[in-house]
Amino acid sequence: MSRTVYVNGDYLPEEEAKVSVFDRGFLFADGVYEVTSVLGGKLIDFDGHARRLARSLAELDMAMPDVDLLEVHRELVTRNGIEDGLVYLQVTRGAADRDFAYPAADTPPTVVLFTQSKPGLADSPMAKTGMKVISIPDERWGRRDIKTVQLLYPSMGKMMAKAAGADDAWMVQDGAVTEGTSNNAYIVKGNTIVTRQLSTDILHGITRAAVLRFAREAQMKVEERPFTLDEVKNADEAFITSASSFVMPVVQMDGEAIGTGAPGPVAARLREIYLEESRKAAV
Ligand code: PMP
């Protein structure tokens with residue numbers, strides 16, 4: 001069945017939704033995006049995603065589009081009957097004759113939103129089995145805190161993982177893990193959760209912020225610092241967070257078991273708390 005998507009003020013069947021070949025998102029990856037999960041027909045962590053969108057746009061000297069984004073998200077969820085899934089939002093600097101320099105500031109942005117239905121999103125079997133990751137060098141640009149649509153290296157990383165029989169890749173810079181291709185990365189040693197501190201080296205995950213808050217509220221110890229691949233291999237547990245995977249255990253790195261080789265109790269507990277609390281706060 002054809003979805004209804006949103007393009008620059010219009011709700012259209014997906015076959016009729018069009019963007020210019022001169023769009024700077026297409027030509028320069030000059031755009032930013034957000035992905036918000038939907039559980040039980042409601043948006044998870046919407047405010048966090050809206051705030052990060054504003055920050056990404058500001059970092060690129062782009063204006064916040066004059067659109068009620070919450071209303072568009074809700075309208076698409078309703079029109080497409082999304083129970084569990086996600087809403088993808090993209091804002092680009094709009095269409096202009098091809099030139100590296102930005103076009104005039106009053107060039108209208110391109111605003112696109114669409115839904116993806118993922119029934120049972122919160123009941124992924126992987127939460128029970130855990131995922132396998134490989135390590136790859138982090139060869140992305142230096143402003144990973146801006147959520148741009150320039151995702152080629154993460155795509156290459158997923159393909160490298162697939163070729164190695166793994167589920168994802170963790171990227172390594174100067175001997176320490178930055179993050180996963182589309183998620184933040186954590187290890188657990190003793191009763192301490194370790195994850196890289198916020199900087200321009202990683203995306204400031206919305207799920208990360210919520211999970212660290214819940215962990216501290218539950219009296220778990222959190223250290224925000226870089227960690228090495230040796231620490232991953234010697235960890236008791238590892239996991240990732242992202243809007244679409246919530247909290248997902250990682251049980252293998254480069255073919256070696258992490259901890260017992262099975263999902264650990266800290267990841268399981270954090271997943272439970274995150275899902276419970278974020279469902280309660282969903283809008
Ligand atoms: N890091 C990267 C590189 C990502 O692409 C994502 C997901 N978009 C994340 C972390 C997780 O961020 P969030 O929890 O906001 O989905």
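Contact is taken here to mean heavy atoms within 4.5 Å, and in this predicted model the buried residues of helix α5 pack in that sense against two strands, β7 (131-137) and β8 (168-173). Helix α5 spans residues 152-163 and is made up of 12 residues; from the first C-alpha to the last it reaches 16 Å, close to the 16 Å expected at 1.5 Å a residue.

The buried residues of α5 are Tyr153, Pro154, Gly157 and Ala161. Because they cover an arc of only 100 degrees around the axis, these residues are placed on the same side of α5. An α-helix has 3.6 residues a turn, so residues three or four places apart point the same way. On the other side of α5, by contrast, Leu152, Met159, Lys162 and Ala163 are exposed. The helix is followed by Gly165, a residue whose phi is positive, near 75 degrees.

Helix α5 also contributes to the largest pocket, in which about 970 Å³ of space lies. This pocket is lined by 44 residues, of which Tyr33, Lys147, Thr181, Ser182 and Asn183 are the closest to its centre. Two or more lining residues are given by each of the elements β3 (31-39), α2 (46-59), β5 (85-92), α5, β9 (176-180), α6 (206-217) and β13 (237-242). Among these contributions, that of α5, with 5 residues, is the largest share of the lining of the largest pocket.

Apart from the pocket, the structure holds 1 cavity of 30 Å³ or more, and the volume of the largest cavity is about 40 Å³. The residues that line the largest cavity are Glu34, Thr36, Phe46, His49, Ala50, Leu53, Leu69, His73 and Leu89, and the elements that supply two or more residues to this lining are β3, α2 and α3 (69-79). Helix α2 provides the largest share of the cavity lining, with 4 residues. Both β3 and α2 thus appear in the description of the pocket lining as well as in that of the cavity lining.

A further local feature is found in helix α8, which covers residues 265-281 and includes Ser278. With buried defined as under 20% relative accessible area, Ser278 counts as buried because its relative accessibility is 6%. A polar atom of the side chain of Ser278 lies 2.5 Å from the backbone oxygen of Tyr274.

Technical notes:
Residues numbered from 1 in each chain as written. Predicted model: local features only at pLDDT ≥ 70, side-chain atom pairs only at ≥ 80, totals over all residues. Heavy atoms only, no water. Buried < 20%, exposed > 50% of the residue type's maximum accessible area, 1.4 Å probe, protein only. Polar contact = N/O pair within 3.5 Å; in protein donor to acceptor, adjacent residues only side chain to side chain. Expected span 1.5 Å × (residues − 1). Arc of directions from axis to C-beta. 1 Å grid on protein atoms, 1.4 Å probe; cavity = no way out; pocket = protein on both sides within 12 Å on 5 of 7 lines; lining within 4 Å. Points joined across faces, edges and corners; volume = space filled by probe spheres on them.
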